[in-house]
Amino acid sequence: MYSSMIGKIAKAKQYAQEPQRIQFTHFEASFRGENDTHTISFNQGAWSCTCNFFAEHDTCCHTMAAERVFGVSIPADQRQGEPLSIDFTPSR
Ligand SMILES: [Zn+2]
């Protein structure tokens with residue numbers, strides 16, 4: 001019993017060095033922003049956030065930050081990435 005537990009702990013340490021082994025399929029979390037707390041979720045590649053910006057753009061600083069934090073645990077073909085072309089022209 002004791003020796004088998006030692007083996008499991010050693011395996012856990014090895015696995016923890018290889019985070020790509022963990023691939024999220026879905027989760028929900030609260031995100032404490034500077035002005036408000038939002039709920040972010042990820043479900044089979046689809047991000048969602050309760051903030052106003054996400055409603056208009058299908059992405060926001062909360063989902064982009066979460067993707068950076070979770071890194072390789074977001075399946076590669078489902079990573080949203082950050083928009084590469086952004087129109088910085090101020091809207092009037
Ligand atoms: Zn958001």
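Two strands pair if DSSP finds at least two bridges between them. Helices (H or I, at least four residues) and strands (E, at least two) are DSSP runs, numbered from the N terminus. The model is predicted: local features need pLDDT of at least 70, side-chain atom pairs count only at pLDDT 80 or more, and totals for chains, interfaces and linings use all residues. Residues are numbered from 1 along each chain as its sequence is written.

**Exercise 1. Establish how strand 2 and strand 3 are joined, and place Ser48 in that arrangement.**

Solution.
Step 1. Strand 2 and strand 3 run antiparallel and are joined by four bridges.
Step 2. Two residues lie between these strands in their hairpin, where Gln44 takes a positive phi near 50 degrees.
Step 3. Ser48 belongs to strand 3 (residues 46-49), and Ser41 stands opposite Ser48.
Step 4. Apart from neighbours within four places in sequence, Ser48 is in contact (C-beta atoms, placed from the backbone, within 7 Å) with Ile40 and Ser41.
Step 5. Ser48 has 17 C-beta neighbours inside 10 Å and therefore counts as partly exposed. The scale is as follows: a residue is buried if 20 or more other C-beta atoms lie within 10 Å of its own, exposed if 12 or fewer, and partly exposed in between, with C-beta atoms placed from the backbone.

**Exercise 2. Describe the pairing of strand 1 with strand 2, and assign the side chains of strand 2 to its faces.**

Solution.
Step 1. Strand 1 pairs with strand 2 (residues 37-43) in the antiparallel sense, over seven bridges.
Step 2. The two strands form a hairpin with four residues between them.
Step 3. Two opposed pairs can be named: Phe31 stands opposite His38, and Glu28 has Ser41 as its bridge partner.
Step 4. Side chains alternate along strand 2: His38, Ile40 and Phe42 point to one face and are buried, whereas Thr37, Thr39, Ser41 and Asn43 point to the other and are not.
Step 5. In strand 1 (residues 26-32), the number buried is zero among seven residues, so strand 1 lies largely in the open.
Step 6. From Phe31 to Ser48 the separation is 17 residues in sequence and 12 Å in space, C-alpha to C-alpha.

**Exercise 3. Assemble the sheet and locate helix 3 relative to it.**

Solution.
Step 1. The three strands make an open sheet of order 1-2-3 with antiparallel pairing.
Step 2. Strand 1 and strand 3 stand at the edges with a single partner strand each, so one side of each has no neighbour in the sheet.
Step 3. Neighbouring strands of this sheet are turned by 15 degrees against each other on average, direction ignored.
Step 4. Helix 3 (residues 61-70) packs on the sheet and touches strand 1, strand 2 and strand 3; its direction makes about 55 degrees with that of strand 2. Axes here are lines fitted to C-alpha atoms, for helices over the stretch in contact, and angles run from 0 to 180 degrees between N-to-C directions.

**Exercise 4. Characterise the protein chain as a whole, together with helix 1.**

Solution.
Step 1. The protein chain has three helices and three strands, in the order α-β-β-β-α-α from the N terminus.
Step 2. The C-alpha trace spans about 70 × 25 × 20 Å along its principal axes.
Step 3. Buried residues make up 12% of the 92 residues.
Step 4. Of the 15 residues of helix 1, the number buried is zero, so helix 1 lies largely in the open.

Notes. Two residues are in contact if their C-beta atoms, placed from the backbone, lie within 7 Å.
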